[in-house]
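Colleague: I would like to go through this structure with you before I plan anything at the bench. Please keep to what can be read from the atoms.

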Amino acid sequence: MAASDFSRLIAAAADTIAAHAEELTALDQAIGDGDHGLNMQRGFEAVRAEADAFAAKSLPDALTAVGTKLVMTVGGASGPLFGTLFMALGRELPPAPDRAALTAALGKAIEAVSARGKSQPGQKTMLDVLQPVYEALAQGKAGTEIAEAADRAADATVPMKALRGRASFLGERSIGHMDAGARSTALLVRAVAETVEGF
Ligand code: ADP
Ligand code: MG
């Protein structure tokens with residue numbers, strides 16, 4: 001990926017998180033502590049501030065740098081988890097990945113998030129978006145279809161009962177609200193799908 005493409009990717013991710021920060025806050029207020037919008041915005045603005053330096057690196061090193069920055073700046077439960085996602089992608093991806101390499105790397109990155117969070121899909125977390133995105137990628141779906149699959153997957157967390165994270169403290173009362181981290185993950189997936197050519 002050219003440096004200018006990686007810069008555009010960072011801008012698109014930071015823009016969509018900023019544009020939806022209030023929505024993410026409201027989702028986290030319903031079944032968490034209401035910090036998810038600010039957490040994500042702080043993290044992605046910190047990444048944006050270093051976009052040029054990151055974009056000058058190879059794709060694996062750039063993703064590792066993004067993950068490290070997110071761990072340091074997002075905070076909450078989601079900071080280490082999104083950080084792990086990006087750092088694992090950096091570890092697993094070759095410098096110029098094709099679709100197969102991207103799919104394999106995302107699979108490994110999901111395993112890393114799952115291990116870090118001691119969580120699985122079906123527990124009303126970001127993994128409930130990441131896993132369907134992986135499956136859509138593996139099935140060769142186009143970028144727009146993958147973005148739609150991510151949105152549907154975030155919607156599908158509404159009827160779930162939270163079994164991990166703060167929302168799990170609410171038990172049955174977590175049912176009926178979308179998971180904030182699932183929503184932010186779907187926003188990031190759409191930003192990637194709309195920015196990266198041929199995704
Ligand atoms: P906190 O829960 O510490 O306030 P955030 O509000 O920033 O942190 O992030 C909450 C989101 O993190 C949840 O909506 C969920 O998607 C995700 N999350 C929390 N715990 C886990 C976990 N163990 N595994 C996967 N995702 C998790
Ligand atoms: Mg929170």
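What follows is a set of questions and answers on the metal site, the ligand, two helices and a loop.

Colleague: Which protein residues are the donors of the magnesium ion (ligand 2)?

Modeller: Bear in mind that this is a predicted model. The donors of the magnesium ion follow the spacing D-x4-D-x1-D along the chain. Their OD atoms lie 2.0 to 2.2 Å from the ion, and the residues are Asp28, Asp33 and Asp35.

Colleague: Is aspartate 35 buried, partly exposed or exposed?

Modeller: Buried would require under 20% relative accessible area, and exposed over 50%. The relative accessible area of aspartate 35 is 25%, so aspartate 35 is partly exposed. Aspartate 33, at 38%, also counts as partly exposed.

Colleague: How much of the area of ligand 1 does the protein bury?

Modeller: There are 20 residues around ligand 1, and among those that come nearest are Ala77, Ser78 and Gly117. Oxygen atoms of ligand 1 lie 3.1 Å from a side-chain N or O atom of aspartate 28 and 2.9 Å from one of aspartate 33. An oxygen atom of the ligand is also 3.1 Å from a polar backbone atom of methionine 126. Taken alone, ligand 1 exposes 560 Å², of which the protein buries 92%.

Colleague: Which residue caps the N-terminal end of H10?

Modeller: The cap rests on a side-chain oxygen that lies 3.3 Å from the backbone nitrogen of glycine 181. The residue that supplies this oxygen is also among those nearest to ligand 1. It is aspartate 179.

Colleague: How far apart are the end C-alpha atoms of helix H10?

Modeller: Helix H10 covers residues 180–195, which is 16 residues. At 1.5 Å a residue they should span 22 Å, and the model agrees with that, the end C-alpha atoms being apart by 23 Å.

Colleague: How many residues of H10 are buried?

Modeller: Alanine 193 is found in this helix, and its relative accessible area of 14% makes it buried. It touches Gly143, Ala147 and Phe199. Threonine 195, also in H10, counts as buried at 13% and touches Arg8, Leu9 and Ala12 when residues up to four places away in sequence are not counted. H10 is largely enclosed by the rest of the structure, because the buried residues number 13 of the 16.

Colleague: Which helices are included in what covers the buried residues of H5?

Modeller: H5 has 15 residues, 59–73, and reaches 21 Å from its first C-alpha to its last, close to the 21 Å expected. Its buried residues include Leu59, Leu63, Val66 and Leu70. Just after H5, glycine 75 takes a positive phi of about 75 degrees. The cover over the buried residues includes helices H1, H3, H4 and H6.

Colleague: Is lysine 124 buried or exposed?

Modeller: Lysine 124 is placed in the loop between H7 and H8, and its phi is near 70 degrees, a positive value in a residue other than glycine. Lysine 118 is found in the loop between H7 and H8 and has a positive phi near 45 degrees. With a relative accessible area of 65%, lysine 118 is exposed. Lysine 124 has 1% relative accessibility and therefore counts as buried.

Terms used: Residues numbered from 1 in each chain as written. Chains lettered and ligands numbered in written order. Predicted model: local features only at pLDDT ≥ 70, side-chain atom pairs only at ≥ 80, totals over all residues. Heavy atoms only, no water. Helix = DSSP H or I, 4+ residues; strand = E, 2+ residues; numbered from the N terminus. Expected span 1.5 Å × (residues − 1). Buried < 20%, exposed > 50% of the residue type's maximum accessible area, 1.4 Å probe, protein only. Polar contact = N/O pair within 3.5 Å; in protein donor to acceptor, adjacent residues only side chain to side chain. Donors = N, O, S within 2.8 Å, 3.2 Å for Na, K, Ca; no water. Contact = heavy atoms within 4.5 Å. Near = heavy atom within 4 Å. Areas by Shrake-Rupley, 256 points an atom, 1.4 Å probe, with all protein chains shown as cover.
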